[in-house]
Amino acid sequence: MENTKQIDQIMDKIDEGVKKVYQSENYQNYLKSMAKFHQYSLNNCLLIWMQKPDATMVQGYNAWKTKFNRTVKRGEKGIRIIIPIRRKQMYPVIIDNELVIDKEPVITGYKSASVFDISQTAGDDLPFYMHDILPGMVKDYDMFQEALLLVSPVPVVFEDIPSGAHGYYQPKEEQIVIQKDMSEVQTIKTMLHEIAHSLLHGPDKPQSQADASKREIQAESAAYAICSYYGIDTSEYSFPYIAGWQKEMNEEELKASLLAIRNTCVYIINTIDRVRNPMLADHSSTLSPYASHNRFTTK
């Protein structure tokens, strides 16, 4: 009973967060937080952001101790999130005409748990490097571009665009066009924007019926969040752009939009990270069917 009450309180907090997040300053901060915690569900991203908006890396109490040799400082308050309860179910199933006992754990419910940000801990330094950039340039630019060409579901070409646009997505022609010879930051940001369009708004895609304002907000939000994750600051460009398209959404529309943005970010970030680290497990399932076509095509 107590656990159910606690979950209800957490869900109320999530609904409160959804209502607050679309204010311009809150929205920007939420996107930054979501990119940092892209491995968490939408609900847990909201919970982390609401309780500790400056969090950069969170782990459970024991994980900090056993994995990173760090301890939670005395008096620190945990960040409450929701985790599944998994139990092994001992029941018979038929496999290849044989009766066997299935011992795979299944989710039987949910409970609240505490995680702590790295700022709430002390101990060994973490062996992570910062994603630093130079003005107008992107660290590992060639790798970034290669990864984005791999993740795009349609071919990408680079050419002069007479209209002055930085790029555009053509659903009917199944193609993305990017203005060639732009700065590295602008090229990566524009590629992310148009690839987000193709992943979200192409034919039969989950947000294909969204109106123009939602499509532009979703695409630019995803581009901003992913750039933020890799230390590329596009806020001066992205947030005036988002504000120009911003309009009122009801709570359900906003939550669906945030979920679509998050899922797109997860997909793209995971692919970029796997290209950065070929030692990770086989990642062929994340690559676009157009991967072989997207090899820095220019016109």
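## Helix α5 and its surroundings

In this predicted model, the buried residues of helix α5 (buried meaning under 20% relative accessible area with a 1.4 Å probe, protein chains only) are Tyr141, Met143, Phe144, Gln145, Glu146, Ala147, Leu148, Leu149, Leu150 and Val151. Because 10 of the 11 residues of α5 (residues 141-151) are buried, this helix is largely enclosed by the rest of the structure. Its buried residues pack against β8 (156-159), α6 and α9, where contact means heavy atoms within 4.5 Å.

Residues are numbered from 1 along each chain as its sequence is written. Local features need pLDDT of at least 70 and side-chain atom pairs count only at pLDDT 80 or more, while totals for chains, interfaces and linings use all residues, and side-chain values use heavy atoms, with hydrogens and water left out.

## The chain as a whole

The protein chain has 9 helices and 11 strands, which are DSSP runs numbered from the N terminus (helices H or I, at least four residues; strands E, at least two). Of its 299 residues, 46% count as buried.

## Helix α6 against α9 and α7

The axes of α6 (residues 184-201) and α9 (residues 251-276) come within 11 Å and cross at roughly 115°, the axes being lines fitted to C-alpha atoms over the stretch in contact, with angles from 0 to 180 degrees between N-to-C directions. That makes α6 roughly perpendicular to α9, a term for angles of 65 to 115 degrees. The contact is made by Leu192, Ile195, Ala196, Leu199 and Leu200 of α6 and by Ala260, Thr264, Tyr267 and Ile268 of α9.

The axes of α6 and α7 come within 8 Å and cross at roughly 130°. The two helices are therefore oblique to each other, which is the class left for angles that are not under 35, over 145 or from 65 to 115 degrees. In this pair, Lys189, Leu192, His193, Ala196, His197, Leu200 and His201 of α6 meet residues of α7 including Arg215, Glu216, Ala219 and Ile226.

## Nonpolar cores

The largest nonpolar core (a set of buried Ala, Val, Leu, Ile, Met, Phe, Trp, Tyr and Cys residues joined through side-chain atoms within 4.5 Å) has 65 residues, and those with the most contacts inside it are Tyr30, Leu148, Ile268 and Ile272. Helix α7 (residues 212-229) gives the most to this core, with 8 residues. Apart from it lies another core, of 6 residues, among them Trp64, Phe68, Val72 and Phe116.

Leaving aside residues up to four places away in sequence, Ile268 touches Leu148, Val151, Leu192, Ile195, Leu199 and Ile226.

Terms used
Buried < 20%, exposed > 50% of the residue type's maximum accessible area, 1.4 Å probe, protein only.
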